Structure formats: structure tokens, C-alpha cells
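Open the model in your viewer and keep the sequence panel beside it. The tour below goes from one selection to the next.

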Amino acid sequence: MPGVLRPTLLVGIGSFGIKSLEQIRGRLLDRLGSLEHVPCIRFLAFDSVPEGAEMPQATGLEPDHIVNLPLQAPNTYRRKQIEQVLEWLPREKLYSIPRGLTVDGNRAIGRLAFCDHSMRVLTRIRNELIAASHPDALALASDKTGLTVLTRTPAVHVLASATGGTGGMLIDVGYCIRRAMDKVEG
């Protein structure tokens with residue numbers, strides 16, 4: 001049975017998601033030789049690393065595949081958007097942000113990191129979906145692989161651990177994906 005081709009966005013959240021994307025990308029490279037032949041398959045990872053700290057080395061991903069969503073200092077939230085934040089985040093969580101501005105396994109703090117960068121996340125997801133489903137990307141992938149294009153509607157797969165601090169971003173990233181898909185499809 002001949003295979004089919006579909007634009008695909010693979011999204012990784014946190015260190016688990018990044019490691020998963022590295023594995024998938026490695027297997028695709030082993031099979032295809034070069035991912036330049038399939039520009040309709042896109043990789044995107046989100047992590048929360050403090051400003052100035054070194055991002056974990058993702059050996060299997062390109063640097064532009066990883067988007068950092070660092071926390072801000074607690075006093076920034078108190079001055080700017082305290083009312084909005086306190087609608088969903090208990091005050092004690094806001095005051096318990098570690099001095100190193102790390103998520104430290106706290107899902108509520110992971111969600112706060114997402115909220116600081118939600119428009120950036122939405123824009124990046126939308127741009128990746130548009131690039132994956134572009135007719136030129138699909139035509140090139142079809143020519144190079146010999147596979148038939150099934151649909152121009154992208155498939156999105158999210159790889160994350162719901163137990164870590166960045167797991168607090170999971171539902172919100174899913175919402176951003178749905179919103180971006182509505183724009184791409186409509």
C-alpha cells in the first residue's frame with residue numbers, strides 16, 4: 001500500500017517534549033537522509049529557562065525549533081497585571097516563585113511562564129502551521145518522497161509530560177493550537 005503525506009507540526013513541551021522531538025527527528029533523518037525534502041514536517045518546542053541561563057543542549061533540534069518562555073521577577077507581576085494573574089493563580093504561588101526564576105516542577109508557575117508569552121506562542125504556532133501546509137512545501141515533499149498528499153489540513157502532535165512544571169502549559173498550548181488551526185483552516 002502506498003504511503004500518504006500530510007503536513008505535520010510536532011510540538012514538544014519541556015524537557016520530555018524536547019527529548020521526544022529529538023528522537024522523532026533522528027528517526028526521520030535516518031529514514032529520509034535530509035529533512036529539507038519534507039518541509040511540511042515542522043518541529044517546535046517550548047521550555048521555560050531563566051533569562052541568562054543556558055538552554056539545555058538539544059542535540060537533535062535546530063536552535064530555531066526551541067522557544068524559551070522565561071518567567072519574570074515576581075515584582076513585575078505585582079506592578080503590571082496583579083489582578084489578571086490573581087484570577088487564576090493563588091497569591092501564595094505568586095510569592096513562592098523561586099529566586100532563580102525557575103519553574104521547579106510547579107505547574108501553576110509553568111502556566112504563568114506561558115501566560116507571559118502567550119501571543120508569541122500563538123504567533124509561532126500559526127506560522128509553523130502555515131509553513132507546513134504551504135502548497136510549495138507539500139509539492140516538494142511529494143516530489144522527493146513519491147508520496148501522495150492526503151490533505152492540506154495539518155496534523156498536530158503534542159509531546160509533553162503533564163507532571164512537570166512545564167506541564168502547566170499543556171492545556172493553554174492546546175488552546176493556542178486550536179485557535180491557530182481555526183485561522184489556518186478558515
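**Stop 1: a helix pair**

The crossing of α6 and α8 is right-handed. Keep in mind that this is a predicted model. To find the pair, select residues 118-132 for helix α6 and residues 170-185 for helix α8. Their axes come within 9 Å and cross at roughly 45°. That angle makes α6 oblique to α8.

Now show side chains where the two helices touch. On α6, select S118, V121, L122, I125, R126, L129 and I130. On α8, the partners are V173, C176, I177, R179, A180, M181, K183 and V184. What is the make-up of this contact of α6 with α8 in nonpolar, polar and charged residues? The contact holds 11 nonpolar residues, one polar and three charged.

**Stop 2: E128 and its partners**

Stay on helix α6 and select E128, then add R42. The two side chains form a salt bridge, with an N to O distance of 2.7 Å. R42 belongs to strand β3, residues 41-47, and the pair links distant parts of the chain, 86 residues apart. Is E128 buried or exposed? E128 counts as buried because its relative accessibility is 8%, under the 20% limit. R42, with a relative accessible area of 25%, is partly exposed.

Next, add R124 to the selection. Its side chain also meets that of E128 in a salt bridge, at 3.2 Å from N to O. This pair is local: both residues lie in helix α6, four residues apart, about one turn of the helix. R124 has 21% relative accessibility and therefore counts as partly exposed. With R42, R124 and E128 displayed together, you are looking at one network, joined by salt bridges that share partners.

**Stop 3: a bridge to helix α8**

Select R111 and D172. Their side chains meet in a salt bridge with an N to O distance of 2.6 Å. R111 lies in helix α5, residues 107-116, and D172 in helix α8, so the bridge ties together parts that are 61 residues apart in sequence. R111 is partly exposed at 27% relative accessible area, whereas D172, at 12% relative accessibility, counts as buried.

**Last selection**

How many salt bridges does the count come to? The count is five, and those visited here include E128 with R42, E128 with R124 and R111 with D172.

Methods:
Residues are numbered from 1 along each chain as its sequence is written. This is a predicted model: local features need pLDDT of at least 70, side-chain atom pairs count only at pLDDT 80 or more; totals for chains, interfaces and linings use all residues. Side-chain values use heavy atoms; hydrogens and water are left out. Axes are lines fitted to C-alpha atoms, for helices over the stretch in contact, and angles run from 0 to 180 degrees between N-to-C directions. Angles under 35 degrees count as roughly parallel, over 145 as roughly antiparallel, 65 to 115 as roughly perpendicular and the rest as oblique. A crossing is left-handed if the near helix is turned anticlockwise from the far one by less than a right angle, and right-handed if clockwise. Contact means heavy atoms within 4.5 Å. Ala, Val, Leu, Ile, Met, Phe, Trp, Tyr, Cys and Pro count as nonpolar, Asp, Glu, Lys and Arg as charged, and the others, Gly among them, as polar. A salt bridge is a side-chain nitrogen of Lys or Arg within 4 Å of a carboxyl oxygen of Asp or Glu. Buried means under 20% relative accessible area, exposed over 50%, partly exposed in between (1.4 Å probe, protein chains only).
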